[in-house]
Amino acid sequence: MSTQQRGADYRPDIDGLRALAVIAVILYHAEIPGFGGGYVGVDVFFVISGYLITRLLAGSGAKPLRMLWSEFYLRRARRILPALLLTSLVATALAVIMLLPYDLTRFGKYLTASSLFLSNVPEWREGGGYLNSRAAYVAITHFWSIAVEEQFYLVYPATLFLIGTFVPGRRTAALLVLAGISLALCVWGSYHQPLTNFYLAPTRAWELLVGAVIAGDEAPWLRRRQVNDALALAALLGLAAVIHWYGNMTRFPGLTTVLPCAAAALLIVTGQRQSSVVSRCLALPPLVFTGLISYSLYLWHLPALIFFSYYSIRPPGPMTLIGLLAAVYLLAVLSWKLVETPIRVRSQLRSNRAFLWAAGATNAIILAAGIVLWNSNGFPQRFPADYRVPDQAWMASRGSFAKCVNRAVDTIAQGGLCSDGPQDNAAPRALVWGDSHAMALLPAYRRMAAAHGVRVYFALKAGCRPLLDMTNRSYDADWQVGCLAFNAAVARAIHTIRPQVVILNAHWIDADADLGPVPSIAADALQSNFGRGLQHTLGEIIAAGASACVVLDVPAYKYDLPYALNMASFRGIGVDFLTLSRAAALAQYRAPEHDFHMLEQRGMLRTVDPKDLMCSPDSCVYQVNGELLYSDWDHLSARGALFVSSAIEGCLRDIPATASR
């Protein structure tokens with residue numbers, strides 16, 4: 001993503017293409033409407049990089065191999081490291097000043113990986129993304145793409161050498177074969193290992209190899225101006241369509257990645273003579289200059305957006321965002337002019353020895369800082385004494401109960417579920433069926449099991465509502481298949497376990513907005529997807545001789561409460577912006593709770609509502625006696641689960657005989 005040194009073969013239109021790519025990425029991260037697929041700018045960068053690096057290596061002549069590789073990696077280091085190291089140092093300083101302890105330790109992990117060009121590994125291991133969960137608070141997550149590029153270039157020069165040695169004259173064909181293998185692996189991975197597919201180099205290599213393939217001789221048919229113009233325009237429109245229409249739920253990378261990569265490749269090859277209308281537009285000075293600073297823009301934009309939003313708590317308004325993006329542009333200009341360019345063209349740190357010592361020492365400092373922060377407790381002494389640690393370690397998906405979550409569907413179908421309470425078959429039985437919101441109430445269910453002598457079974461899968469034959473369309477296809485299979489297995493387990501009551505506990509907000517029936521289920525225009533799934537689920541429960549009890553959801557807040565409260569305390573500002581009225585809390589779940597109450601009136605289920613304990617007529621509580629009831633936006637903490645446990649116990653009224661203890 002760095003700029004190439006200008007020379008006789010300099011292509012201003014490629015810098016213009018870089019500008020489009022980095023603008024798309026920035027506007028995507030800024031969550032600007034219409035740029036939901038802006039992340040494909042990274043893929044455009046990959047194609048450009050493969051093209052330029054291949055031309056650089058292929059044009060190095062007959063230099064000795066050792067000298068060729070030495071020059072290549074030194075040039076690469078001078079382009080990549082100065083701005084990257086500066087960004088890392090500044091981000092580290094801001095993180096130490098600003099980040100709350102549990103976010104600072106995570107930043108340390110990413111910083112450690114970044115100094116080793118392994119930034120893609122923690123993202124892959126955590127299963128996160130730029131703006132997912134707490135990873136949204138790590139300002140250097142975007143370094144993953146730089147890591148992928150550098151991992152590729154560790155082996156690419158040697159690969160080119162081997163191709164030239166064993167199949168001379170067939171470089172393009174050999175690169176096409178390698179690209180095809182990587183693409184096939186990518187397509188397979190998009191269905192079976194989406195996170196691995198997204199973050200690791202083997203399934204991204206084909207994108208850089210696309211650039212390498214087009215670095216050969218110009219195709220004769222591109223010399224026809226009409227053909228050239230038509231292809232360039234089609235490529236530009238295709239890229240614009242992808243940036244606009246793709247989104248976070250697009251299966252990516254995979255076959256969907258072929259279009260933006262092909263568009264980038266076409267824009268490069270059709271601009272070789274700079275004769276097409278599109279290439280001349282891409283060569284306009286404002287775009288070219290933005291392309292020249294695109295590497296610095298890419299590095300600085302996400303730290304600026306994240307640290308600003310982190311400190312502000314609330315997302316920036318339109319005018320503030322415009323001012324912030326303008327400041328990012330200015331910062332990138334300064335970084336390019338004062339750091340990136342002088343070191344790259346050797347006006348600073350002229351000797352390679354001096355450069356390597358400076359870069360190595362700086363990177364060692366960053367590595368040491370990352371290790372210290374990662375293995376620290378986040379240095380909570382930086383914050384006021386009333387700092388509150390978010391309580392998440394107890395959740396079923398994270399704590400000692402983790403072995404009970406996401407068991408094999410065959411095991412679940414046979415009744416192989418974890419349980420709490422008395423383990424004898426004579427004890428009354430209840431089964432909790434739900435998602436992470438049911439996991440959050442685990443302390444309440446455990447208390448309930450012990451207090452009432454009930455054996456409580458748990459069938460829990462994060463993000464998977466207990467609704468048969470309904471799939472959450474906001475998740476990828478593989479996850480949907482897994483959720484459908486899980487729920488079907490739980491339905492069979494109910495017939496095996498024969499509980500007296502099945503407790504349905506999930507995040508019901510916007511339930512019908514993202515639920516869709518599986519293709520085999522006929523749609524009834526007079527009934528919502530949610531209603532159909534719920535009635536099907538209730539039918540299975542009743543057929544097994546059990547009653548159903550639905551735990552209505554807790555109030556959902558706009559902000560991660562532990563973070564918002566601690567940051568507000570750090571800044572010395574009030575927390576009135578966190579106030580949530582009972583009316584607003586009820587409005588969040590109006591549609592699903594209407595359906596629940598209608599079915600309750602028909603005697604098909606019972607409901608219990610934690611909001612009755614958490615909300616007064618005026619407002620809802622998120623802390624009691626200084627203890628947080630939430631672990632994030634909408635999951636209760638252990639203290640919160642126990643706070644609402646008396647409401648949950650209402651589900652046991654359907655069990656005729658409970659042994660009080």
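The following legends describe close-up views of disulfides, free cysteines, paired strands and salt bridges in a predicted model. Residues are numbered from 1 along each chain as its sequence is written, and side-chain values use heavy atoms, with hydrogens and water left out. Because the model is predicted, local features need pLDDT of at least 70 and side-chain atom pairs count only at pLDDT 80 or more, whereas totals for chains, interfaces and linings use all residues.

**Figure 1. The disulfide of C464 and C483.** The structure holds 3 disulfides, a disulfide being a pair of cysteine sulfur atoms within 2.5 Å. In this view C464 is joined to C483, with an S to S distance of 2.0 Å. The link is right-handed, with 85 degrees about the S-S bond. C464 lies in the loop between β3 (455–460) and β4 (470–472) and C483 in helix α20 (residues 477–497), so the disulfide ties together parts that are 19 residues apart in sequence. Helices (H or I, at least four residues) and strands (E, at least two) are DSSP runs, numbered from the N terminus. C464 and C483 are both buried; buried means under 20% relative accessible area, exposed over 50%, and partly exposed in between (1.4 Å probe, protein chains only).

**Figure 2. The disulfide of C549 and C651.** The sulfur atoms of C549 and C651 are 2.1 Å apart. This disulfide is left-handed, because the torsion about its S-S bond is about -70 degrees. C549 belongs to strand β7 (residues 547–551), while C651 is in the segment after α28 (645–648), so the pair ties together parts that are 102 residues apart in sequence. Both C549 and C651 are buried.

**Figure 3. The disulfide of C615 and C620.** The S to S distance between C615 and C620 is 2.0 Å. Their disulfide is right-handed, because the torsion about the S-S bond is about 100 degrees. C615 and C620 are each buried.

**Figure 4. The surroundings of C186, and the exposure of C281.** The closest cysteine sulfur to that of C186 is in C261, at 8.8 Å, which is too far for a bond. C186 is buried, with a relative accessible area of 0%. C281, by contrast, is partly exposed, its relative accessible area being 41%.

**Figure 5. Strand β7 and its pairing with β5 and β8.** Of the 5 residues of β7, 4 are buried, so this strand is largely enclosed by the rest of the structure. Two strands pair if DSSP finds at least two bridges between them. Strand β5 (residues 501–505) runs parallel to β7 and is joined to it by 5 bridges. N505 has V551 as its bridge partner in β7. Strand β8 (residues 606–608) also pairs with β7 in the parallel sense, over 3 bridges. V551 has V608 as its bridge partner in β8.

**Figure 6. The salt bridge of D229 and R225.** A salt bridge is a side-chain nitrogen of Lys or Arg within 4 Å of a carboxyl oxygen of Asp or Glu, and by this rule the count comes to 14. The closest N and O atoms of R225 and D229 are 3.8 Å apart. These residues are 4 residues apart in helix α10 (residues 225–245) and are therefore separated by about one helical turn. R225 is partly exposed, at 47% relative accessibility.

**Figure 7. The salt bridge of R446 and D420.** The side chains of R446 and D420 meet at 2.8 Å, N to O. R446 is in helix α19 (residues 442–452) and D420 in strand β1 (residues 418–420), so the salt bridge ties together parts that are 26 residues apart in sequence. R446 is partly exposed at 31% relative accessibility, and D420 is partly exposed at 21%.

**Figure 8. The salt bridge of K611 and E593.** The N to O distance between the side chains of K611 and E593 is 2.7 Å. K611 in helix α26 (residues 611–614) and E593 in helix α25 (residues 590–601) are 18 residues apart, and the pair links distant parts of the chain. Both K611 and E593 are buried.

**Figure 9. A salt-bridge network.** Salt bridges link D43, R204 and E207 in a network.
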